[in-house]
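Reader: I'm new to reading protein models, and I'd like to zoom in on one part instead of skimming the whole thing. Could you pick a helix and walk me through how its neighbours sit against it?

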Amino acid sequence: MTRTEHYESSTDYCLKAIHWCIDEELLWGLGESYYQIGFNYELMEEFEQALPYFQKALLMFELRKNTLYSSFLQEKLKKLQSEI
């Protein structure tokens, strides 16, 4: 949905995925879903709205000890915060 610039639909699906992960008590998928929502807002140039989703995604990736995504998001957050 994001690739076809249907950002709001993409965000809606991600929110449903987040609620499902929470209901099922799963960490897998939360980081990716939070990241995708943040990315949608970033593409819409709504940087302040993107920030909390990227922060939540970072937390989820840190909990899973995913250093690749954690490092990527730390850099993205620094850049985004300097743009706000």
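Author: Let's go with α2, starting from its partner α3: α2 passes α3 in a left-handed crossing. Keep in mind as you look that this is a predicted model. The axes of α2 and α3 are 7 Å apart, and the two helices pack at an angle of about 160°. An angle over 145 degrees counts as roughly antiparallel, so that is what α2 and α3 are to each other.

Who actually meets whom here? On the α2 side you'll find Leu-30, Gly-31, Glu-32, Tyr-34, Tyr-35, Ile-37, Gly-38, Phe-39, Tyr-41 and Glu-42. Facing them from α3 are Phe-47, Gln-49, Ala-50, Tyr-53, Phe-54, Lys-56, Ala-57, Met-60 and Phe-61. Sort that contact of α2 with α3 by class and you get 13 nonpolar, three polar and three charged residues.

Now for α1, another neighbour of α2. The axes of α1 and α2 come within 9 Å and cross at roughly 160°. That makes α1 roughly antiparallel to α2, and the crossing of α1 past α2 is left-handed. From α1, the residues taking part are Tyr-7, Ser-10, Thr-11, Cys-14, Leu-15, Ala-17, Ile-18, Cys-21 and Ile-22. They meet Leu-30, Ser-33, Tyr-34, Gln-36, Ile-37, Asn-40, Tyr-41 and Leu-43 in α2. By class, the contact of α1 with α2 holds twelve nonpolar residues, five polar ones and no charged ones.

One name from that list deserves a stop: Ser-33, which sits in helix α2. Is Ser-33 buried or exposed? Its relative accessibility is 10%, and the cut-off for buried is under 20%, so Ser-33 counts as buried. Leaving aside residues up to four places away in sequence, Ser-33 touches Cys-14, Ala-17 and Ile-18. Those three also turn up among the α1 residues that meet α2. You can check one distance yourself, too: the C-alpha atoms of Ser-33 and Tyr-13 are separated by 8.8 Å, with their places 20 residues apart along the chain.

Next, α4. The axes of α2 and α4 come within 13 Å and cross at roughly 30°. Since angles under 35 degrees count as roughly parallel, that makes α2 roughly parallel to α4. The crossing of α2 and α4 is left-handed. In this contact, Glu-32, Tyr-35 and Glu-42 of α2 meet Tyr-69, Phe-72, Leu-73 and Lys-76 of α4. Those residues divide into four nonpolar, no polar and three charged.

How confident is the prediction around here? Among the elements of the protein, helix α2 (residues 30–43) has the highest mean pLDDT, at 97, while helix α4 (residues 67–83) has the lowest, at 92. Across the protein the average is 94, and 100% of the residues score at least 70.

Let's also look at a residue in α3, namely Leu-51. Leu-51 has 15% relative accessibility, so it counts as buried. Not counting residues up to four places away in sequence, Leu-51 touches Leu-77, Leu-80, Gln-81 and Ile-84. Compare its position with Ser-33: the C-alpha atoms of these two are separated by 14 Å, and they are 18 residues apart along the chain.

Follow the chain on from α2 and you reach Met-44, in the loop between α2 and α3. Met-44 has 26% relative accessibility, so it counts as partly exposed. The C-alpha atoms of Met-44 and Glu-5 are separated by 9.2 Å, although these residues are 39 apart along the chain.

Glu-5 brings in a backbone detail. It lies in the segment before α1 (7–23) and has a phi near 65°, a positive value in a residue other than glycine. That's worth a second glance because most residues other than glycine have a negative phi. Lys-65 shows a positive phi as well, near 60°, and its place is in the loop between α3 (47–63) and α4. As for accessibility, Glu-5 is at 59% and so counts as exposed, and Lys-65, at 70%, counts as exposed too.

Terms used: Residues numbered from 1 in each chain as written. Predicted model: local features only at pLDDT ≥ 70, side-chain atom pairs only at ≥ 80, totals over all residues. Heavy atoms only, no water. pLDDT = per-residue confidence, 0-100. Helix = DSSP H or I, 4+ residues; strand = E, 2+ residues; numbered from the N terminus. Axes fitted to C-alpha atoms, helices over the stretch in contact; angles between N-to-C directions. Parallel < 35°, antiparallel > 145°, perpendicular 65-115°, else oblique. Left-handed = near helix turned anticlockwise from the far one by under 90°. Contact = heavy atoms within 4.5 Å. Nonpolar A, V, L, I, M, F, W, Y, C, P; charged D, E, K, R; others polar. Buried < 20%, exposed > 50% of the residue type's maximum accessible area, 1.4 Å probe, protein only.
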